[in-house]
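Guide: Welcome. Take a look at the model, then ask away.

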Amino acid sequence: MSRTRHDNAANPARDRCLPKTSAATIAAMLSELIETHMLKCDEAFPHPDDCPAHVISEVRKTQAWIQSVRVGEAGACHLIELSLDDGTSFNIRVEEV
């Protein structure tokens with residue numbers, strides 16, 4: 001389901017007074033979601049060896065644990081960098097469109 005700002009606007013006058021959400025805010029929110037997911041996976045089982053992987057792909061038959069999450073700036077966009085235990089790293093690019 002896709003919703004637009006227009007669909008969500010209950011009070012257009014109020015919306016004009018609010019500051020615009022920035023890419024930094026969205027990057028921080030996504031980073032917090034990932035970190036919360038990691039924490040819940042780690043807390044789900046009393047013994048660390050029983051903990052499910054943070055990243056699981058049934059399609060590709062892969063799994064990995066996230067070692068670190070960092071948020072940084074790269075010009076006009078923000079990057080979320082994920083480093084995994086298998087040595088790979090990924091950037092999630094967040095920029096206003």
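Guide: First, some vocabulary. Helices (H or I, at least four residues) and strands (E, at least two) are DSSP runs, numbered from the N terminus. This is a predicted model: local features need pLDDT of at least 70, side-chain atom pairs count only at pLDDT 80 or more, and totals for chains, interfaces and linings use all residues. Residues are numbered from 1 along each chain as its sequence is written, and side-chain values use heavy atoms, with hydrogens and water left out.

Visitor: In what order do the elements of the protein chain run from the N terminus on?

Guide: Count them before ordering them. The chain has three helices and five strands. The helices come before the strands, giving α-α-α-β-β-β-β-β.

Visitor: What percentage of the residues in the protein chain is buried?

Guide: Start with the cut-offs. Buried means under 20% relative accessible area, exposed means over 50%, and partly exposed lies in between (1.4 Å probe, protein chains only). Of the 97 residues in the chain, the buried share is 21%.

Visitor: How far does helix H3 reach from its first C-alpha to its last?

Guide: Helix H3 covers residues 23–43, which is 21 residues. The expected span of a helix is 1.5 Å times one less than its number of residues. For H3 that expectation is 30 Å, and the helix comes close to it, reaching 30 Å.

Visitor: Within what arc do the buried residues of H3 fall, seen down its axis?

Guide: The buried residues of H3 are Ala23, Ala27, Ser31, Ile34, Met38 and Cys41. An α-helix has 3.6 residues a turn, so residues three or four places apart point the same way. The arc is taken from the directions between the helix axis and the C-beta atoms. The buried residues of H3 line one face of the helix, because they fall within an arc of 85°.

Visitor: Which exposed residues sit on the face of H3 turned away from its buried side?

Guide: Look across the helix from its buried face. The exposed residues carried there are Glu32, Leu33, Lys40 and Glu43.

Visitor: Which strands do the buried residues of H3 pack against?

Guide: Packing here rests on contact, meaning heavy atoms within 4.5 Å. By that test, the buried residues of H3 pack against E3 (66–74), E4 (77–84) and E5 (89–94).

Visitor: Which are the edge strands of the open sheet?

Guide: Two strands pair if DSSP finds at least two bridges between them. The open sheet has three strands in the order E3-E4-E5, with antiparallel pairing. An edge strand here pairs on one side only, and that holds for E3 and E5.

Visitor: Over how many bridges do E4 and E5 pair?

Guide: Take the other pair as well: E3 and E4 pair in the antiparallel sense over eight bridges. E4 and E5 are also antiparallel, and their bridges number six.

Visitor: Which residue in E4 is the bridge partner of Ile66?

Guide: Try two other pairs between E3 and E4. Val69 stands opposite Leu82, and Gly72 has Leu79 as its bridge partner. For Ile66, the partner is Leu84.

Visitor: What positive phi does Gly87 have in the turn between E4 and E5?

Guide: Compare the two hairpins. The hairpin of E3 and E4 has two residues between the strands, and Gly75 takes a positive phi near 70°. The hairpin of E4 and E5 has four residues between the strands, and there Gly87 has a phi of about 90°.

Visitor: How many of the eight residues of E4 are buried?

Guide: One residue of E4 makes a good example: His78 is buried, with a relative accessible area of 14%. His78 touches residues from other parts of the chain, including Ala23, Ala27 and Ile92, not counting residues up to four places away in sequence. E4 is largely enclosed by the rest of the structure, because its buried residues number six.

Visitor: Is Glu73 buried or exposed?

Guide: Glu73 lies in strand E3. Its C-alpha is 9.8 Å from that of Ala23, although the two residues are 50 apart in sequence. At 64% relative accessibility, Glu73 counts as exposed.

Visitor: What is the relative accessibility of Glu35?

Guide: Glu35 belongs to helix H3. Its C-alpha is separated by 9.1 Å from that of Ile66, 31 residues apart along the chain. Glu35 counts as partly exposed, because its relative accessibility is 38%.
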